[in-house]
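Q: Please choose one part of this model and take me through it closely. I would like a connected account, with the cut-offs behind the terms given as they come up.

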Amino acid sequence: MKPGLFSLIPLLIGVLCSANRFSPALQPVTPASHAPGPVAGKPKPALLTGADQLSAYLPYLKGKRVGMVVNQTSIIGNKPSVDSLHSLGVNIVSIFGPEHGFRGNASNGAKVDDAVDAKTGIPVVSLYGKNSRPSKEQLANIDLMIFDIQDVGCRFYTYINTLNHVMEACAQNNKELMILDRPNPNGFIIDGPVLEAHLHSGIGMHPIPITHGCTIAEFARMINGEGWGGVTKTNPCKLKIIKIANYTHDTPYTLPVLPSPNLNTQQSILLYPSLCWFEGTIISQGRGTYMPFTVLGAPALKGTYSFSFKPISIKGMSETPLHQNEDCYGFDLRTYDTNLLRKTKQLNLKWLMELYKAYPDKARFFDTSYSKQMGNFDYRSGNDALRKQIIAGASEQEIRQSWEPGLSAYKQMRKKYLIYP
């Protein structure tokens, strides 16, 4: 630790925040239909992430050896939080990286190895390689862990699993975990079947619906309170939460940094909860294109739909996509009005129902033997009923009714852990 540095905190914070203004390319833009207007002649207070509120936590880091669970979304202003805190003299002894790696350049599902960060010289431990949680040895020289990763609010998005693993390790090794909270861009939707225990997997660890409606900090409180994934009610993880300022779950939020290689637009982030189901079908979701999770299609739908796209191998995004080098026909959702999702507060089931009805060889629709790029549909839905209902031609109303009472029970339970309205 640099002598006397923390006595200069107010000045350093001012300089850093001034230097880290969002560039025009990264500036979050509120959708026009939800743009905040002035109240009594005063502008609405700006939303501030936990990380951006340096004065709320920088003094707490004084004299501590810090470990950081971060990736490319972990920013203060528009600068990586590791770089910012390192430049302020915070003693960061280890970086822990999740799926896609610390700098966010690994493909989905790709193993990530341990390394040394070239910019700061800090050791980087992969939590998406040979181990999924920090070991006792890796935590031995750490006084405080920091978790600062942007989530997108879906059960099958693996960062909430990483959070649970880190909380478990911290609880077992008596380490405090600070969470720099960030908005959930899909926080306005709580929908889908609740995960059934027999379908527990790497893309579904918790008994929650597809969209959980929590920020990372709220979800951490839920993990503690419910005793999930190795965290027990008798030995919870000690949490210190730096809250988001001026945020509600209905606040529109455009992510300033891409959360992963295949969520490369705000449109894809908002459509992802309704389209990730298709990873368990023969329908391409656009992996292998530069518009993933905004298009849907398959070669066998030629003649049924006029819109087409061709998946190819793209390094760092999808090297061996489903239907590689084949023309796929289906839906172009790049201009779909996502405000409809905000109004209904529901996932879109109609696309799944329609494409199953349109597909000529229905026996192949959910058959994973067709391609290694097809995942198991039931693990994504969280039950085996939805697949059977789609095949049987059940109505949307019947399907949604079958999600009860589990969905309502989850919504009631969630209220205990909320930080924001």
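The answer below follows one strand and its neighbours, and ends with a brief look at a second sheet.

A: The model is predicted, so local features need pLDDT of at least 70 and side-chain atom pairs pLDDT 80 or more, while totals for chains, interfaces and linings use all residues. Residues are numbered from 1 along each chain as its sequence is written, and side-chain values use heavy atoms, without hydrogens and water.

The part chosen here is strand β8, and the place to begin is the sheet that holds it. Seven strands make up this open sheet, in the order β5-β6-β4-β1-β7-β8-β9, and their pairing is mixed. (Strands are DSSP runs of E with at least two residues, helices runs of H or I with at least four, numbered from the N terminus; strands pair if DSSP finds at least two bridges between them.) The edge positions belong to β5, at residues 115–116, and to β9, at residues 239–242; each has a single partner strand, so one side of each is left without a neighbour in the sheet. Helix α6, which spans residues 216–226, packs on this sheet and touches β7 (144–148), β8 (176–180) and β9, where contact means heavy atoms within 4.5 Å. Elsewhere in the sheet, β1 (residues 65–70) is joined to β4 (residues 91–97) by five bridges in the parallel sense, and Gly67 has Ser94 of β4 as its bridge partner.

Strand β8 itself is a buried element: five of its five residues are buried, so the strand is largely enclosed by the rest of the structure. (Buried is under 20% relative accessible area, exposed over 50% and partly exposed in between, with a 1.4 Å probe and protein chains only.) In a regular strand the side chains alternate between the two faces of the sheet. In β8 both faces are covered, with Glu176, Met178 and Leu180 buried on one side, and Leu177 and Ile179 buried on the other.

On one flank, β8 pairs with β7 over four bridges, in the parallel sense, and within this pairing Met145 has Leu177 of β8 as its bridge partner. The chain passes between these two strands by way of helix α5, residues 159–172, and β7, α5 and β8 together make a right-handed β-α-β unit. (Right-handed means that, with the strands pointing away from the viewer, the path from the first strand over the helix to the second runs clockwise.)

On the other flank, four bridges join β8 to β9, and these two strands also run parallel; here Leu180 stands opposite Ile242 of β9. The crossing from β8 to β9 goes through α6, and this β-α-β crossover is right-handed.

The loop that leads from β8 to α6 contains Asn184. With a relative accessibility of 2%, Asn184 counts as buried. Leaving aside residues up to four places away in sequence, Asn184 touches Val152, Gly153, His212, Gly213, Cys214, Thr215 and Tyr247.

Helix α6 has a further neighbour in helix α13, residues 406–414, whose buried residues are Leu407, Tyr410, Met413 and Arg414. These four cover an arc of only 125° around the axis (taken from the directions from the helix axis to the C-beta atoms), which puts them on the same side of α13. It is these buried residues of α13 that pack against α6.

A second open sheet may be set beside this one: three strands form it in the order β10-β12-β11, with antiparallel pairing. Its edges are β10 (295–298) and β11 (308–309), each with a single partner strand, so one side of each is left without a neighbour in the sheet. Strand β12, residues 328–332, runs antiparallel to β11 and is joined to β11 by two bridges, with Phe309 opposite Cys328. Four bridges join β10 to β12, again antiparallel, and Val295 stands opposite Asp332 of β12. Both faces of β10 are covered, with Val295 and Gly297 buried on one side and Leu296 and Ala298 buried on the other.

Definitions and conventions
Axes fitted to C-alpha atoms, helices over the stretch in contact; angles between N-to-C directions.
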